[in-house]
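Okay, everybody, thanks for coming. I'll put the model up on the screen, and then we'll walk through a few parts of it together.

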Amino acid sequence: MDSTQFVSAANISERMAQPPALAISTVIFALRPSENSGRPALWLPLVRRIREPFEDMWALPGGPLTQMDSLMDAAARNLQDTTGLAPSYLEQLYAFGGLHRSPSQRVVSIVYWALVKSSEAELAQESANVQWFRADGLAKLAFDHNEIVDYALWRLRNKIAYGSIAHHLLGEKFTLAQVREVYEAVLNRSVDPANFRRQLKQTAHIEPTDEFRQGGKHRPPRLYRYSGDPTAEHSGNPPLRL
């Protein structure tokens with residue numbers, strides 16, 4: 001073994017002995033109009049990487065975990081720094097620690113996910129390096145971020161069946177048709193309007209108000225509100241059969 005090979009082997013051995021780096025990544029979901037139909041669809045913001053590894057590829061917002069931040073604070077700070085968003089719904093999703101996630105060093109990512117209302121999403125910072133993408137049609141992302149998004153979508157689709165999560169993507173008051181649009185956007189398929197309306201009106205914590213949505217061509221639809229615990233894992237209702 002020549003001296004160059006010896007130094008290379010020593011560097012690899014030293015790197016393998018170091019503890020993994022810790023990072024925070026965040027998946028942010030919001031409803032935005034589809035570019036084709038104009039109907040609400042599920043979107044998420046991505047950040048273009050400006051250095052190696054994976055330079056110029058898109059990735060989830062995130063960064064290294066510092067000594068000064070809690071996990072939640074680090075996730076919130078990264079979101080604020082990259083997108084300008086401060087979501088009210090932000091929770092830990094999962095930890096991803098595959099051996100070969102990064103080609104330069106071992107990195108364990110603590111992943112958070114956030115849900116933001118359309119009105120909040122419209123305020124997000126956008127630039128050449130921060131843009132929104134359809135969640136169901138992503139190209140190849142940096143690291144294992146496609147796998148992370150797929151897992152977040154799977155979790156969201158499971159949680160939304162219990163009816164306590166959709167209101168995080170809506171305003172304080174909403175029509176039943178708007179709730180159905182949330183379900184269709186998350187599930188990425190149509191649901192039967194009559195069956196959905198019947199099931200939703202039978203669930204707890206979806207309460208009618210005395211107000212109606214104005215501005216349409218037809219009879220104004222009634223506005224509803226969610227009265228359950230916004231931090232609950234699910235509403236306590238059986239899942240909607242869609």
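So, of the 242 residues in this protein, 42% count as buried. Keep in mind that what you're looking at is a predicted model. In terms of secondary structure, we've got 6 helices and 10 strands. And if you take the contacts between residues at least 6 apart in sequence, 64% of them join residues at least 24 apart.

Let's start with the pockets. The largest pocket comes out at a volume of about 750 Å³. Its lining is made up of 29 residues, and the ones nearest the centre are Arg49, Gly62, Gly63, Pro64 and Phe143. Which elements give two or more residues to that lining? They're strand E1 (21–33), strand E2 (40–48), strand E4 (62–64) and strand E6 (107–116). E1 gives the most, with 5 residues. For the chemistry people, the lining splits by class into 14 nonpolar, 10 polar and 5 charged residues.

Now the second largest pocket, which has a volume of about 350 Å³. There are 19 lining residues here, and closest to the centre you'll find Leu31, Ser118, Leu169, Leu170 and Gln178. The elements giving two or more residues to this lining are E1, helix H3 (118–121), E8 and helix H5 (176–187). By class, the lining of the second largest pocket has 8 nonpolar, 5 polar and 6 charged residues.

Next, a couple of arginines. Arg101 sits in the loop between strand E5 (89–96) and E6. Is Arg101 buried or exposed? It counts as buried, because its relative accessibility is 7% and the cut-off for buried is under 20%. What does its side chain do in there? A polar atom of the Arg101 side chain lies 3.0 Å from the backbone oxygen of Val107. The Arg101 side chain also makes a polar contact with the side chain of Ser109, at 3.1 Å. Leaving out residues up to four places away in sequence, Arg101 touches Phe54, Phe96, Val107, Val108, Ser109, Phe143, Asp144, His145 and Ile148. You've met one of those already: Phe143 was on the list of residues nearest the centre of the largest pocket.

Compare that with Arg157, over in helix H4 (residues 145–160). Arg157 has a relative accessible area of 30%, so this one is partly exposed. Which residues is Arg157 in contact with, if we set aside neighbours within four places in sequence? Those are Val186, Leu187 and Asn188. For Val186, the Arg157 side chain reaches the backbone oxygen at 2.7 Å. As for Asn188, it's 31 residues from Arg157 in sequence, and the C-alpha to C-alpha distance is 9.7 Å.

Last stop, some strand pairing. Strand E10 (residues 222–226) runs antiparallel to strand E8 (residues 173–174), with 2 bridges joining them. In that pairing, Phe174 has Tyr224 as its bridge partner in E10. E10 also runs antiparallel to strand E9 (residues 206–212), and here there are 4 bridges. If you want a residue pair to click on, try Ile206, which stands opposite Tyr226 in E10. And E8 ties back to the pockets, as one of the elements giving two or more residues to the lining of the second largest one.

That's my tour, so over to you for questions.

How values were computed: Residues numbered from 1 in each chain as written. Predicted model: local features only at pLDDT ≥ 70, side-chain atom pairs only at ≥ 80, totals over all residues. Heavy atoms only, no water. Buried < 20%, exposed > 50% of the residue type's maximum accessible area, 1.4 Å probe, protein only. Contact = heavy atoms within 4.5 Å. Polar contact = N/O pair within 3.5 Å; in protein donor to acceptor, adjacent residues only side chain to side chain. Pairing = 2+ DSSP bridges. 1 Å grid on protein atoms, 1.4 Å probe; cavity = no way out; pocket = protein on both sides within 12 Å on 5 of 7 lines; lining within 4 Å. Points joined across faces, edges and corners; volume = space filled by probe spheres on them. Nonpolar A, V, L, I, M, F, W, Y, C, P; charged D, E, K, R; others polar.
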